[in-house]
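User: Hello! I am new to this structure and would like a short guided look at it. Could you help me with a few questions?

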Amino acid sequence: MRKTIQDLNIMKDKKDKIIALTSYDYQTASILDEICDLILVGDSLGNVFQGKETTLSVTLDEIIYHAKAVDKAIANAHFCVDMPFMTYQKSTSSALENIGKVFKETNAQSVKIEMNPDLINLVNKANKIGIPIVAHVGLCPQSYNSYGGYKKQGKTKNERDYIYELAVESYQNGASLLVIEGVPEILADQITKDIEIPTIGIGAGGKTDGQILVAEDMLGITPLPRPSFVKSYTNIRDIIKKAAMEFRKDVKKKKFP
Ligand code: KIV
């Protein structure tokens, strides 16, 4: 059975670290499902799957297309789907319409949004309706243009206070999980201690309740350079290259049937 928000809360209580990875396709998700507590169809599919510089062009239809494929593979993990840029920021009512579409069409158990203070009302309303929201704080990739690139957040006290308050307010207004990206470990640790919902970190040190990585980064498929916080556990890029070279040799030598 798929892990619920309640199961992930129990893991936090037991200090059992939550394992999370992204996936955009059936095959990868079917391998990762057994190992992960949470699988996210991230809008990082813009960078990773579509080869774009940012996540900004990913559409609702594209995320739904990928989520439908991943849905077929998930039996064990919690299934979370990212809301793409400008599908939840315009108004609470249009956000709920789009979130509803994702839920109805993909079997998602939660959706992730990149937080700012104007979205607290959406978190609150979604919670009352019974829609689990994963609130993403810290480095929010959809703010690429206002940051001027992918930049670590929380460098100044003002930035740290902003992120801390946004995290606590998201929790107080009913967010079910928190993703904390690209902030100092000390800040992610403080947030993790001060709120009761699980925190999942990426580039935020080792003190969060769980960790998430983009699967292609973890597998060494993403071309170099990869983000500095990424540990690649294998080099699938080289393995694919080697296999394709063997195939090429066989075909050239007319060895292949
Ligand atoms: O889009 C994504 O894949 C993400 C995770 C890396 C947290 O937001």
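Here are some questions and answers about this predicted model.

User: Which kind of aromatic pair do Tyr144 and Tyr150 form?
Analyst: Happy to start there! By the rule used, the count comes to one aromatic pair. The ring centres of Tyr144 and Tyr150 are 4.8 Å apart and their planes meet at 65°; planes over 60 degrees apart count as edge-to-face, so this pair is edge-to-face.

User: Is Tyr144 buried or exposed?
Analyst: Buried means under 20% relative accessible area. Tyr144 has a relative accessible area of 16%, while its ring partner Tyr150 is partly exposed at 38%. Tyr144 is therefore buried.

User: How far apart are the end C-alpha atoms of helix α8, and what span should its 16 residues have?
Analyst: Helix α8 covers residues 157–172. At 1.5 Å a residue, its 16 residues should span 22 Å. The end C-alpha atoms agree with that, as they are 22 Å apart.

User: What covers the buried residues of α8?
Analyst: Good one to look at in the 3D view! The buried residues of α8 are Ile163, Leu166, Ala167, Val168 and Ser170. Their cover includes two helices and two strands, namely α6 (120–129), α9 (185–194), β5 (133–138) and β6 (177–181).

User: Which residues make the nonpolar surface patch of about 300 Å²?
Analyst: One member, Phe256, lies in the segment after α11 (236–252). Phe256 is partly exposed, with a relative accessible area of 46%. The patch is made by Phe247, Val251 and Phe256.

Notes:
Residues are numbered from 1 along each chain as its sequence is written. This is a predicted model: local features need pLDDT of at least 70, side-chain atom pairs count only at pLDDT 80 or more; totals for chains, interfaces and linings use all residues. Side-chain values use heavy atoms; hydrogens and water are left out. Patches are made of residues with over 30% relative accessible area and no salt bridge: like charges are joined within 9 Å, nonpolar side chains (Val, Leu, Ile, Met, Phe, Trp, Tyr) within 5 Å. Accessible areas come from the Shrake-Rupley method with a 1.4 Å probe; for residues, only the protein chains shown count as cover. A salt bridge is a side-chain nitrogen of Lys or Arg within 4 Å of a carboxyl oxygen of Asp or Glu. Helices (H or I, at least four residues) and strands (E, at least two) are DSSP runs, numbered from the N terminus. Buried means under 20% relative accessible area, exposed over 50%, partly exposed in between (1.4 Å probe, protein chains only). Rings of Phe, Tyr and Trp (its six-membered ring) pair if their centres lie within 6.5 Å; planes under 30 degrees apart count as stacked, over 60 as edge-to-face and the rest as tilted. The expected span of a helix is 1.5 Å times one less than its number of residues. Contact means heavy atoms within 4.5 Å.
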